[in-house]
Amino acid sequence: MSAAADTPADDYAIVIAGHGSRDPDGVAEFEALVDLVRAREPNRIVRHGYLEFATPTIDVAVEQAIAAGARHVVMVPGVLLAATHAKNDMPSELLALERQYPEIRFSFGAALDLHAKLLQLCAQRVIEAEGRAAQSSGETVPRSEACLVVVGRGTSDPDANSEISKLARMLEEGLGFGTSLTCYAGTAKPKVADGLAAAARLGYRRVVVLPYFLFDGILVKRIYAAAEELAARNPSLEILQASYLGPHTHVADVFIERAGQGALGRATMNCALCKYRVQIVGFEQQVGTPQRAHHLKVRGLSASTTASAPAADSATLTSGSASASVSATAASGTTVSRPPEASVASMASAAMLASTPPTAAADAAAALRLPAYVPHPIEAESMRIIDAGHDWSAYSPDDARVLKRIVHTSGDFNIVDDIYFSPGASVIGMRALLRCKRVITDVTMVQAGLKQALLRELGIETWCAVHDETTHVLAQTHNLTRSAAGIRRAWETFGNDVIVAIGDAPTAVMETIRLIETQGWRPQLVIGLPVGFVGTRECKQALRETMQVPRITNAGTRGGSPWAATVVNALMIGAIETIAAVSQEATSS
């Protein structure tokens, strides 16, 4: 029996796992809260770590706890509500740590979902804001004449987003507000500006803005700035800015409670509406999605390693290990600057269009460290035969790569004459794969034909809604085929940052064209290669004439899901080969 198994139930260390922030104010407040937890648990080992943007990283925090004598470590997510970080990234970190320290017992605490003490603290923040206003104006405004706007972080998880609505409703009824609205600082809708504008139109005397955030940071500052802009545009409307939760004993107590529950194996999460466990409308494709850590590239960062690094802005990190994913940073000991909106991959993809890549983009490409694409020996021999079997000099290297792959799939050199590329379509497609990272397909056969290893290496998601119940209802009520209904849902769900690959349904091509022409949809690239005899020629010709978007299609009745998948595969291979070339040039220079 291990030593960890003999550890008393109440003998455990707490590691509070935060996300991290580029804003030093947010980091300082997180650490102030950790100090509160430590003060309230003076006889317990308490450490903290971050997923990214700050040090130490979570693995270093756990290492420190073990070095201090911990044999049982409870990780508590230092984030509000259970979304991707609490459901995916942090559990993945914990699994990696369990493998690294098999002699140590690890437990996981629940995230800070709605809790009576947090609700009480939110009410306190509202009352404090009202008190400041009363001291300033000498006037008391009845809450029935005020609108409460609760601003959440916003995630890709509808369960977490819905908790913000629940919080707003509980505060509205509990405090007696005239009404309440919710909006989000990122990812979810409505955005902050839209939510505040809607509140201003309701006719209330006062709007109280409450950011449901743990700490200060870039997003909180943007929320307050948006509130000030609203006040400037509406001088007759009183706008109050309530404080976020901040380092408070109520928050510390909830952390401690979550740690105790985790130590006893009683950590509970709302799995009834978890998009990873049951089909939630609009998120059906994510049921059973495997847990993958997105922050392992920064593991090993500690305050000591960054203390000796050159001065840098808050977006600069020192990486102790590089991931094999497209979001990898750099090898141990180097310092890289993480652009706030553009990934390293998107920097490299921008360099693809330049004859001489800029130094920064070359360094970024080198940092990707993607493994070169190595074809199976039979595939390699086939490509050698295809190279020699046709004159490819009339085509650009990127178009030729796609054409050769289609020949390989179809077994027919003559198909080359039927393929149509809009100008620059192949290069645009490679860049879009690196930047947008999402491929929409009309049928699951196209999904199945995509090379899974390449998708993983480039971090690309695929989405097909043809078999979803929501798609079935949409198809029935709007007299669409399921493939066309799935395309319409993709437009509604993802907007323009997608590549559309259609290999089966002419109706999906026509719906794509309709959305482009009537709704202003602008996918980054449309691949339209359906096979068949009904409507196939016509939809391809119509796509060819749709000049608003880049497109790859063909003439005639031939095509199919394998062809559409082949084009995407060729673009992924081209993206990897281009990054490798930029990386090699950067290394040699």
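This briefing covers one sheet with its packed helices, then a single serine. The model is predicted. Its six-stranded sheet is open, and the pairing is mixed. Ser 21 lies in the loop between β1 (13–18) and α1 (24–40).

**The sheet**
- The strand order is β11-β16-β15-β14-β12-β13.
- β11 (419–421) and β13 (461–463) are the edge strands. Each has a single partner strand, so one side of each lacks a neighbour in the sheet.
- On average, neighbouring strands are turned by 15 degrees against each other, direction ignored.
- Strands of a sheet pair through backbone hydrogen bonds, and they can do so in a parallel or an antiparallel way.

**One strand pair**
- β15 (residues 525–528) and β16 (residues 551–554) run parallel. Three bridges join them.
- Across this pair, Val 526 stands opposite Arg 551 in β16.

**Helices on the sheet**
- Helix α19 (residues 506–519) packs on the sheet and touches β14 (499–502) and β15. The direction of α19 makes about 150 degrees with that of β14.
- Helix α20 (residues 536–544) also packs on the sheet. Its contacts are with β11, β15 and β16. The direction of α20 makes about 150 degrees with that of β16.

**Ser 21**
- Is Ser 21 buried or exposed? Ser 21 has a relative accessible area of 17%. Buried means under 20%, so Ser 21 counts as buried.
- The side chain of Ser 21 reaches the backbone nitrogen of Asp 23 at 2.9 Å.
- Leaving out residues up to four places away in sequence, Ser 21 touches Val 27, Glu 52, Phe 53 and Gly 217.

Technical notes: Residues are numbered from 1 along each chain as its sequence is written. This is a predicted model: local features need pLDDT of at least 70, side-chain atom pairs count only at pLDDT 80 or more; totals for chains, interfaces and linings use all residues. Side-chain values use heavy atoms; hydrogens and water are left out. Two strands pair if DSSP finds at least two bridges between them. Helices (H or I, at least four residues) and strands (E, at least two) are DSSP runs, numbered from the N terminus. Axes are lines fitted to C-alpha atoms, for helices over the stretch in contact, and angles run from 0 to 180 degrees between N-to-C directions. Contact means heavy atoms within 4.5 Å. Buried means under 20% relative accessible area, exposed over 50%, partly exposed in between (1.4 Å probe, protein chains only). A polar contact is a pair of N or O atoms within 3.5 Å; within protein, one must be able to donate a hydrogen and the other to accept it, and residues adjacent in sequence count only if both atoms are side-chain atoms.
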